[in-house]
Amino acid sequence: MSVLPLVFTSGWASGINAYAVVLLLGVFGATGLSDEVPASLQRPEILVTVGVLFLCEAVADKIPYVDSVWDSVHTVIRPAAGAWVGALLAGQSGSVSDLTAAVLGGSTALASHAVKAGTRMAVNTSPEPFSNIVVSIAEDLGVAGVITLAIFHPWAAATVAAVLLFTGLTVVAFLVSRIRRFLRRRAQRREERRTAGAVGRPPDGVPWPDGD
């Protein structure tokens, strides 16, 4: 059976939480629940590293505005992780080329990352912090559930991931106005910080006065 359904699902999940994907796949492989997981994902140092990073993301992902900064940093990391995991899965299976799997996993991860980042920008326009926590927990549970389903029923999981991806892209399209509002607020905050930092600073070329 082609490994493409698992590659697609892991790519979608990597765009949401790449560390959870690597951690879950590694655990499933190390415990013998799946033969599809490459040995490189089961190495103890890999599992410990992604476990620590997963805990860091679990905290950052629930704090308003911090989650969007975290998403910005991971704009490259998540698609790269999706491509890397896809290539490893293809190499383990041998049913599809590593390049094809890497392109599929990376592009799917990029699309789902765009959905996650856009949704968080819209959520951050809300004055209360609880929506960030609810959305973050829902994302983590969704990733865990879909990846677990993919191990035992890859085609069903790929179908679920495809529906979630399409739904997410549609929702983000409707949230464009709120995303723009978030970007305006962030630009305004940067300008306020820049202005506040300039208060009390003498003009260029003028030395600070001596204090007594």
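What distance should the 28 residues of helix H3 (residues 66-93) span at 1.5 Å a residue?

**View 1. Helix H3, end to end.** The expected span of H3 is 40 Å, and its end C-alpha atoms sit 38 Å apart, which agrees. That expectation is 1.5 Å times one less than the number of residues, and helices here are DSSP runs (H or I, at least four residues), numbered from the N terminus. This is a predicted model, so to speak: local features need pLDDT of at least 70, side-chain atom pairs count only at pLDDT 80 or more, and totals for chains, interfaces and linings use all residues. Residues are numbered from 1 along each chain as its sequence is written, and side-chain values use heavy atoms, with hydrogens and water left out.

**View 2. The bend in H3 and what follows the helix.** At His74, H3 bends by about 55°, taken as the angle between axes fitted to the seven residues ending there and the seven starting there. Just after H3 comes Gly94, with a positive phi of about 80°.

**View 3. H3 against H4.** The axes of H3 and helix H4 (residues 98-123) come within 7 Å and cross at roughly 155°. That makes H3 roughly antiparallel to H4 (over 145 degrees; under 35 is roughly parallel, 65 to 115 roughly perpendicular, the rest oblique). Axes are lines fitted to C-alpha atoms, for helices over the stretch in contact, with angles from 0 to 180 degrees between N-to-C directions. The contact's residues split into ten nonpolar, nine polar and six charged.

**View 4. H4 against H5.** Helix H5 (residues 130-152) packs on H4 at an angle of about 160°, with the axes 10 Å apart. H4 and H5 are therefore roughly antiparallel too.

**View 5. H1 against H6.** Here the axes of H1 and helix H6 (residues 154-174) come within 8 Å and cross at roughly 40°. H1 and H6 are therefore oblique to each other.

**View 6. How far to trust the chain.** Mean pLDDT (the predictor's confidence in each residue, from 0 to 100) is 87 for the protein chain, and 87% of its residues reach 70 or more. Confidence bottoms out in helix H7 (residues 176-198), at a mean of 69, and peaks in helix H1 (residues 4-30), at 96.

Key: Helices (H or I, at least four residues) and strands (E, at least two) are DSSP runs, numbered from the N terminus. Ala, Val, Leu, Ile, Met, Phe, Trp, Tyr, Cys and Pro count as nonpolar, Asp, Glu, Lys and Arg as charged, and the others, Gly among them, as polar.
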